[in-house]
Amino acid sequence: MTSLPPFQAVLDQHREDVYRFLVALAGRQEADDCFQETLMSAIRAYPKLQPGANVRAWLFTIARRKAVDAHRARGRRAVPVESVPEPAAHSNGTGPDPELWRLVRELPPRQRGAVALRFVADLSHAEIGAALGCSQDAARQNLHAGLERLREEWVR
Amino acid sequence: MTLEAQLGLKQDVTEAAQAAARRFAAQAAAHGAAKVAYALEPSPLGELFVATTTRGLLEIGFEAEHVDAYLERICARVSPAVLEAPGRLDAVRRQLDEYFAGRRETFELPLDWSLARQGFGRRVLDATARIPFGGVLTYREIAARAGSPKAIRAAGSALGANPIPIVVPCHRVLRTGGALGGYGGGIERKRRLLEIEGVVSA
């Protein structure tokens with residue numbers, strides 16, 4: 001019998017990575033709303049997915065779109081959300097660097113998406129391309145350009 | 001640390017993600033985005049697998065340890081948009097609790113027959129659903145009420161495939177002469193249910 005696994009299993013398997021990805025791309029403040037919207041869109045579309053589809057890449061495609069929407073909506077609002085300090089993830093200094101991720105969020109959308117899809121979601125170049133709606137080569141170029149820019153701006 | 005290594009550091013979001021996932025499941029079930037909601041419910045007959053759709057109660061299973069098997073069948077036959085959402089099963093849980101406590105004789109729950117057989121099998125379950133609390137019929141009688149008096153074995157088989165036991169009371173069908181016969185959940189559970197209803201003594 002080939003059918004899709006229950007959506008609950010998809011949620012159990014990927015919820016932490018999707019949440020982490022949305023924190024990285026949209027920030028702590030927005031992550032929760034983006035998470036709810038991502039999963040609500042996902043469960044509605046899920047029954048139409050082909051059995052054997054790459055569910056993980058598909059889920060991150062939706063998550064990235066929601067993060068982009070949230071980013072745009074935030075840009076339209078006058079509220080300076082950026083001035084709200086992000087809660088430190090770890091006080092022992094082993095967690096992600098909030099300053100670095102602030103820089104990631106300021107990259108152009110495709111570079112921002114490529115960096116987060118690669119390092120937070122651990123997707124392959126092909127999967128990143130699928131999630132961004134571009135070729136594998138374009139995904140690689142966006143990732144490369146994003147990393148170059150971060151290397152210039154990031155002060156350790 | 002290189003830029004790549006720094007980017008690869010994973011933030012611990014275990015609790016936040018878990019809480020967000022639970023909120024999502026409750027919302028999706030409440031708004032019908034989840035086509036099927038399920039829960040595992042403790043009962044005097046052991047833990048039960050209980051599933052509902054937006055149409056009604058879909059399944060009660062006695063083998064809660066085989067939840068994956070129940071879910072696989074639901075995904076294939078009903079929808080893969082399935083979530084664990086105990087809140088959607090509040091009414092079912094309350095009525096089952098009342099029944100087991102001896103405070104309820106009839107269930108007032110809409111039923112979803114998606115997992116039931118069609119034709120004769122469905123007619124057997126329909127006839128079974130009309131047997132009142134404390135009453136019993138024989139396999140022969142239930143076959144007759146379903147329209148085929150000679151199809152006694154087929155009636156037994158249809159009862160064994162009942163996706164909604166307890167609420168569709170297949171435990172009220174006994175052998176001619178009063179022997180308990182079979183039960184999908186095992187003969188001990190059938191005896192327990194008949195004790196609750198005062199048909200056999202404890």
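Student: Before anything else, which runs count as helices and strands?
Tutor: They are DSSP runs, numbered from the N terminus: helices (H or I) need at least four residues, strands (E) at least two. And note that this is a predicted model.

Student: OK. Where is Ala179(B), then?
Tutor: Ala179(B) sits in a loop of chain B, between strand E6 (173-174) and H8.

Student: How far is Ala179(B) from Thr138(B), in sequence and in space?
Tutor: In sequence, 41 residues separate them. In space, the C-alpha to C-alpha distance is 9.7 Å.

Student: Why does Ala179(B) count as partly exposed?
Tutor: Because its relative accessible area is 38%, and partly exposed covers what lies between under 20% (buried) and over 50% (exposed).

Student: H8 came up. Which salt bridge has both partners in H8 of chain B?
Tutor: Glu188(B) with Arg191(B), where the closest N and O atoms are 3.5 Å apart. Both belong to helix H8 (residues 187-196). They are 3 residues apart, about one turn of the helix.

Student: How accessible are Glu188(B) and Arg191(B)?
Tutor: Glu188(B) is exposed at 51%. Arg191(B) is partly exposed at 33%.

Student: Which salt bridge links distant parts of the chain?
Tutor: Arg73(B) to Glu59(B), at 2.9 Å between the closest N and O atoms. Arg73(B) is in helix H3 (residues 67-77) of chain B, and Glu59(B) is in strand E3 (residues 57-61) of the chain, 14 residues apart.

Student: Is Glu59(B) buried or exposed?
Tutor: Glu59(B) is buried, at 3% relative accessible area. Its partner Arg73(B) is partly exposed, at 27%.

Student: And how many salt bridges over all chains?
Tutor: There are 22. One of chain A's pairs is Glu106(A) with Arg102(A), at 2.8 Å from N to O. Glu106(A) is partly exposed at 44%; Arg102(A) is partly exposed at 29%.

Student: Which residues are linked in a network of salt bridges?
Tutor: Glu16(A), Asp17(A), Arg20(A) and Arg56(A).

Student: Switching topic. E3 was in a sheet, I guess. What is the strand order in chain B's open sheet?
Tutor: E3-E2-E1-E4, with mixed pairing across the 4 strands. E3 and strand E4 (82-84) are the edges, each pairing on one side only. On average, neighbouring strands are turned by 20 degrees against each other, direction ignored.

Student: How many bridges join E1 to E4(B)?
Tutor: 3, and strand E1 (residues 36-41) runs parallel to E4(B). In E4(B), Leu83(B) is the bridge partner of Ala37(B).

Student: Which helix lies across E1, E2 and E3 of chain B?
Tutor: Helix H4 (residues 90-100) of chain B. H4 runs at about 135 degrees to E2(B), the strand at 48-53.

Student: What about chain A, how many helices and strands?
Tutor: 7 helices, 0 strands. Chain A has 156 residues, and 51% of them are buried. Take the chain A contacts with a separation of 6 or more: 69% involve residues 24 or more positions apart.

Student: Which residues have the most contacts inside the largest nonpolar core?
Tutor: Phe21(A) and Leu7(B), in a core of 65 residues. H1(A) gives the most to this core, with 11 residues. Apart from it lies another core of 37 residues, including Phe62(B) and Ile166(B).

Student: What does Phe21(A) touch beyond its sequence neighbours?
Tutor: Leaving aside those within four places, Phe21(A) contacts Phe60(A), Ala63(A), Arg64(A), Ala116(A), Leu117(A), Val120(A) and Ala121(A).

Student: Why would such side chains gather?
Tutor: In soluble globular proteins, nonpolar side chains tend to be buried together.

Student: Last one, on a polar residue. Is Gln8(A) buried or exposed?
Tutor: Gln8(A) is buried, at 8% relative accessible area. It belongs to helix H1 (residues 7-26) of chain A.

Student: Which chain B residues does Gln8(A) touch?
Tutor: Tyr38(B), Val82(B), Leu83(B) and Glu84(B). A polar atom of the Gln8(A) side chain lies 2.7 Å from the backbone nitrogen of Glu84(B).

Conventions: Residues numbered from 1 in each chain as written. Chains lettered and ligands numbered in written order. Predicted model: local features only at pLDDT ≥ 70, side-chain atom pairs only at ≥ 80, totals over all residues. Heavy atoms only, no water. Buried < 20%, exposed > 50% of the residue type's maximum accessible area, 1.4 Å probe, protein only. Polar contact = N/O pair within 3.5 Å; in protein donor to acceptor, adjacent residues only side chain to side chain. Contact = heavy atoms within 4.5 Å. Core = buried A, V, L, I, M, F, W, Y, C linked by side-chain atoms within 4.5 Å. Salt bridge = Lys/Arg side-chain N within 4 Å of Asp/Glu carboxyl O. Pairing = 2+ DSSP bridges. Axes fitted to C-alpha atoms, helices over the stretch in contact; angles between N-to-C directions.
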